[in-house]
Amino acid sequence: MAEMMKGNEAIAEAAIRAGVRFYAGYPITPSSEIMEYLSWRLDEVGGSFVQAESELAGINMVIGASACGVRALTASSGPGISLKQEGISTLCDEGLAAVVITQVRYGNGLGTLLSAQCDYNRETRGGGQGDYRCIVLCPSSIQEFVDLMRPAYELAEKYRTVVVMMGEGTLGQMMEPVELPDFVEPERHPWALNGHYTYKKIGIFERDSRKEAVELVEKYNTIKANEQRWFDEGVEDADYVFVAYGVPGRATLGAIRELRAQGEKVGLIRPITVWPFPEKAFAKINPNVKGVITVEENATGQLVDDAALYIKKTHKDRNIPAYALTYVFNTPPIHSIKEDYFKVKNGEIKEVY
Amino acid sequence: MKEIVFAGSGGQGVLTCGLIVSDIAASKGMKVTWVPSYGSAMRGGTANCTVKYGPEQIYNPSQEAPDLLLAMNDPSLNKFLPIVAPGGTVVISDTVEIPADVRQDVTIVRVPCFDLATQLNNPRGANIIMTGAITKLMGDFSAEEAIAAMNRMFEKKGKAKFAESNSKAFAAGFAAV
């Protein structure tokens with residue numbers, strides 16, 4: 001029987017089972033229970049836990065653990081993830097594998113504790129300095145979060161990059177029945193530091209940044225080609241295709257199934273990777289589709305930019321409108337999504353692009 | 001799919017009420033979600049959680065239109081009565097006042113949980129009494145399977161010693177409606 005578990009605790013246990021043996025971070029609602037759980041649990045499996053003096057210190061400790069070949073984790077939210085950006089950029093620069101969990105909360109500056117999707121642009125664009133991208137996974141249930149933990153490390157290590165697991169407050173705080181995965185014992189990577197100065201030291205001025213950049217772009221193109229993940233339903237014959245991820249993604253699935261039952265030809269793409277964005281799902285969309293509609297927990301409409309770009313890329317001969325239903329924070333009720341769909345259909349809600 | 005909102009003041013045990021119902025449903029192999037109020041929402045003195053359960057996939061775990069509302073105090077009734085589904089049920093404690101202009105399309109059931117808890121010599125058991133009453137009103141689980149699931153949940157939390165008093169409180173609530 002699947003046991004009821006709190007999201008953050010299930011995620012933390014899944015991290016242990018995926019082989020995480022180092023955590024450093026600083027608490028912040030709504031992600032704190034991840035580190036609270038790991039504070040005692042890592043010790044049981046011979047790992048190390050540090051409540052760092054700041055988010056900056058935490059991510060820098062993750063850099064060190066990762067360089068030593070340990071599966072390392074940090075977790076935070078909103079402003080805490082902002083503070084980690086320099087470290088994330090450094091991890092990407094050094095080609096180090098790590099997973100960063102963010103349980104997104106709404107607002108600018110210090111923000112609020114409300115569940116939201118306002119940090120989409122930061123996570124998908126690479127929120128730190130430079131010219132990099134992180135793989136961004138966005139589960140829609142606790143089970144999916146738990147099941148993605150091991151693939152997150154496998155992706156991070158395969159491509160030697162940072163994987164961001166972008167949840168939201170609700171996913172951290174809610175409970176659902178969860179089946180936990182088995183334990184894995186990760187192998188130590190041959191490139192990891194071993195304390196014997198095995199590798200040639202390369203100073204900052206000896207680097208060939210042009211060559212590195214070309215290699216990085218090749219790596220990102222490989223990720224884009226091979227690592228798109230998504231769920232879709234009803235897109236081939238749809239008049240309108242919804243695009244939504246995370247908890248709003250699953251609420252939208254409920255909405256499209258009810259709308260289908262009412263005779264509306266609607267579909268859904270629920271990205272599981274938002275970088276790389278699931279272009280292959282957009283290629284499946286009905287060539288005669290009348291529009292794409294995003295459902296977002298933010299005010300400005302962020303996902304709609306990608307939805308518009310990718311429908312343009314996959315349906316080049318037509319100018320298909322992209323609409324954004326922005327609910328600011330908290331999961332929109334299914335009836336609201338349905339009502340707003342009809343407003344799109346009858347022209348009350350105008351397209352963004 | 002059924003939706004229940006459990007609301008009261010901090011310390012009245014409404015989050016636990018929701019947890020027990022969640023565990024009962026999960027023990028029957030149902031799909032379940034439990035979403036609490038957290039953080040700053042807790043600081044106004046009210047706490048609430050939303051539980052959804054049923055045999056099918058739960059799309060939206062968040063509060064929408066509860067089939068049943070538990071209101072342990074007046075602010076909870078005022079806050080959540082407007083979202084109760086038409087034809088829904090509202091369970092209130094002994095201390096809640098029913099406003100004169102209350103909605104007529106819902107059924108209000110008063111369960112004197114604090115009084116019953118005193119009679120059972122279990123003053124902290126009011127929330128368990130309410131859980132029993134709610135289980136009966138929802139009609140999805142028998143008292144026996146519900147009590148077994150509740151006791152298993154508390155046992156896992158290292159609180160097995162309360163099994164007897166919890167069982168009595170649950171049964172009293174189940175019998176009160």
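A residue is counted as buried if 20 or more other C-beta atoms lie within 10 Å of its own. In this predicted model, that criterion is met by twelve of the 16 residues of α10(A), so the helix is largely enclosed by the rest of the structure. The buried positions are A:Gly246, A:Val247, A:Pro248, A:Gly249, A:Arg250, A:Ala251, A:Thr252, A:Leu253, A:Gly254, A:Ala255, A:Ile256 and A:Leu259. Helix α10 spans residues 246–261 of chain A and reaches 23 Å from its first C-alpha to its last, close to the 22 Å expected at 1.5 Å a residue. Just after α10(A), A:Gly263 adopts a positive phi of about 95°.

Chain A is assigned two domains, domain 1 (3–226) and domain 2 (231–345). Their centres, taken over C-alpha atoms, are separated by 28 Å. The contact involves 22 residues from domain 1 of chain A and 21 residues from domain 2 of chain A. On the domain 1 side, α6 (120–125), β6 (135–137), α8 (169–173) and α9 (209–226) of chain A each contribute at least two residues. This side comprises twelve nonpolar, seven polar and three charged residues.

An open sheet of five strands with mixed pairing has the order β9-β11-β10-β13-β14 (chain A). β9 (230–233) and β14 (322–326) of chain A each have a single partner strand, so one side of each is left without a neighbour in the sheet. Neighbouring strands are turned by 20° against each other on average, direction ignored. β9(A) pairs with β11(A) in the antiparallel sense over four bridges, and A:Trp230 has A:Pro271 as its bridge partner in β11(A).

Two helices lie across strands of this sheet. Helix α12 (residues 303–314) of chain A crosses β10, β13 and β14 of chain A, running at about 160° to β13(A). Helix α13 (residues 334–345) of chain A lies across β10, β11, β13 and β14 of chain A, at about 145° to β13(A).

How values were computed:
Residues numbered from 1 in each chain as written. Chains lettered and ligands numbered in written order. Predicted model: local features only at pLDDT ≥ 70, side-chain atom pairs only at ≥ 80, totals over all residues. Domains from an automatic or database assignment. Contact = placed C-beta atoms within 7 Å. Nonpolar A, V, L, I, M, F, W, Y, C, P; charged D, E, K, R; others polar. Expected span 1.5 Å × (residues − 1). Pairing = 2+ DSSP bridges. Axes fitted to C-alpha atoms, helices over the stretch in contact; angles between N-to-C directions.
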